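Here are a few short exercises to work through with the model open beside you. Try each task before reading its solution.

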Amino acid sequence: MERFIQDTIKRYDLQIYTVQGSIREALGDLQSQHPQLQAVLMGTRNTDPYSRSLTPLCPTDPGWPKYMRVNPLLDWSYHDIWEFLRTLYVPYCILYDKGYTSLGSTDNTSKNPALRFVDERGVVKYRPAYKLEKEEDERNSRK
């Protein structure tokens with residue numbers, strides 16, 4: 001994962017800020033360090049937890065640091081994401097080729113059992129994430 005992050009920073013000439021804690025704490029830190037920022041770009045989709053009430057442009061919830069959330073992927077499906085990435089050859093984290101379909105922390109992420117198979121030699125292997133058939137199985141690997 002770290003290699004992918006470093007490659008992405010270099011490829012797109014990004015400036016990255018690493019913060020500890022929850023996303024709420026991270027946004028608070030970001031706001032105190034960069035008060036000129038007014039919006040945050042999110043990768044949230046409407047199938048993600050706590051996303052049902054979101055719109056493509058919406059303010060953060062009460063009690064959160066005040067930002068406009070920009071949700072360009074809100075109406076994209078799991079398969080839409082993979083079609084976009086693969087059609088345009090957009091680089092992605094190699095863990096997705098190793099059977100992971102939803103990445104969280106090292107404590108709550110594992111390979112997705114829906115991608116598990118046994119090859120002709122009896123060895124357990126995992127298909128890549130873009131081979132997942134049922135979108136609702138995307139987070140089956142998260143604890």
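## Exercise 1: The overall chain

Among contacts between residues at least 6 apart in sequence, 53% join residues at least 24 apart in the protein chain. Keep in mind that this is a predicted model.

**Task.** Describe the secondary structure of the protein chain and the order of its elements.

**Solution.** Start by counting: the protein chain has 3 helices and 5 strands. Next, read along the sequence, where the pattern is α-α-β-β-β-α-β-β. Then look at the extent of the chain: its C-alpha atoms fill a box of roughly 60 × 35 × 30 Å along the principal axes. Finally, turn to burial: of the 143 residues, 29% are buried.

## Exercise 2: Two loop residues

**Task.** Decide whether Gly43 is buried or exposed, and do the same for Asn71.

**Solution.** Begin with the location of Gly43, which is the loop between strand E1 (39-41) and strand E2 (57-59). Its relative accessibility is 53%, and the cut-off for exposed is over 50%, so Gly43 counts as exposed.

Now move to Asn71, in the loop between E3 and H3. Its relative accessible area is 2%, and buried means under 20%, so Asn71 is buried.

How far apart in space are the C-alpha atoms of Gly43 and Asn71? They are separated by 6.3 Å, with their positions 28 residues apart in sequence.

As a last step, list the contacts, leaving out residues up to four places away in sequence. Gly43 touches Asp48 and Leu73. Asn71 touches Met42, Thr44, Leu54, Thr55, Pro56 and Cys58.

## Exercise 3: Ser77 and Tyr78

**Task.** Find the residue whose side chain makes a polar contact with that of Ser77, then work out which core includes Tyr78.

**Solution.** First place Ser77: this residue is in the loop between strand E3 (68-70) and helix H3 (78-87). With a relative accessible area of 19%, Ser77 falls under the 20% cut-off and is therefore buried.

Second, check its partners. Beyond its neighbours within four places in sequence, Ser77 is in contact with Arg45 and Glu135. The polar contact is with Glu135, side chain to side chain, at 3.4 Å.

Third, look at Tyr78. Its contacts, again without neighbours within four places, are Arg45, Thr101, Ala129, Tyr130, Leu132, Glu135 and Glu138. Tyr78 belongs to the largest nonpolar core, which has 9 residues. The other members are Ile81, Trp82, Leu85, Cys93, Tyr96, Leu115, Ala129 and Leu132. Ala129 and Leu132 thus appear both in this core and among the contacts of Tyr78.

## Exercise 4: A pocket and one of its lining residues

**Task.** Characterise the lining of the second largest pocket, then examine Arg3, one of its lining residues.

**Solution.** The idea behind the search is simple: rolling a probe the size of a water molecule over the atoms shows where empty space is left.

Step one is the volume, about 190 Å³ for the second largest pocket. Step two is the lining: Met1, Arg3, Phe4, Asp7, Arg11, Pro91, Tyr92, Cys93 and Ile94. Step three is to sort these residues, which gives 6 nonpolar, no polar and 3 charged. Cys93 is also a member of the largest nonpolar core.

Step four is Arg3 itself, which sits in helix H1 (residues 2-12). Its relative accessibility is 67%, so Arg3 counts as exposed. To finish, compare a position far along the chain: Gly122 is 119 residues away from Arg3, and their C-alpha atoms are 31 Å apart.

Conventions
Residues are numbered from 1 along each chain as its sequence is written. This is a predicted model: local features need pLDDT of at least 70, side-chain atom pairs count only at pLDDT 80 or more; totals for chains, interfaces and linings use all residues. Side-chain values use heavy atoms; hydrogens and water are left out. Helices (H or I, at least four residues) and strands (E, at least two) are DSSP runs, numbered from the N terminus. Buried means under 20% relative accessible area, exposed over 50%, partly exposed in between (1.4 Å probe, protein chains only). Contact means heavy atoms within 4.5 Å. A nonpolar core is a set of buried Ala, Val, Leu, Ile, Met, Phe, Trp, Tyr and Cys residues joined through side-chain atoms within 4.5 Å. A polar contact is a pair of N or O atoms within 3.5 Å; within protein, one must be able to donate a hydrogen and the other to accept it, and residues adjacent in sequence count only if both atoms are side-chain atoms. On a 1 Å grid over the protein atoms alone, a cavity is a set of points where a 1.4 Å probe fits but cannot get out, and a pocket is an open set with protein on both sides within 12 Å along at least five of seven lines; lining residues have an atom within 4 Å of a point. Grid points are joined across faces, edges and corners, and a volume is the space filled by probe spheres set on the points. Ala, Val, Leu, Ile, Met, Phe, Trp, Tyr, Cys and Pro count as nonpolar, Asp, Glu, Lys and Arg as charged, and the others, Gly among them, as polar.
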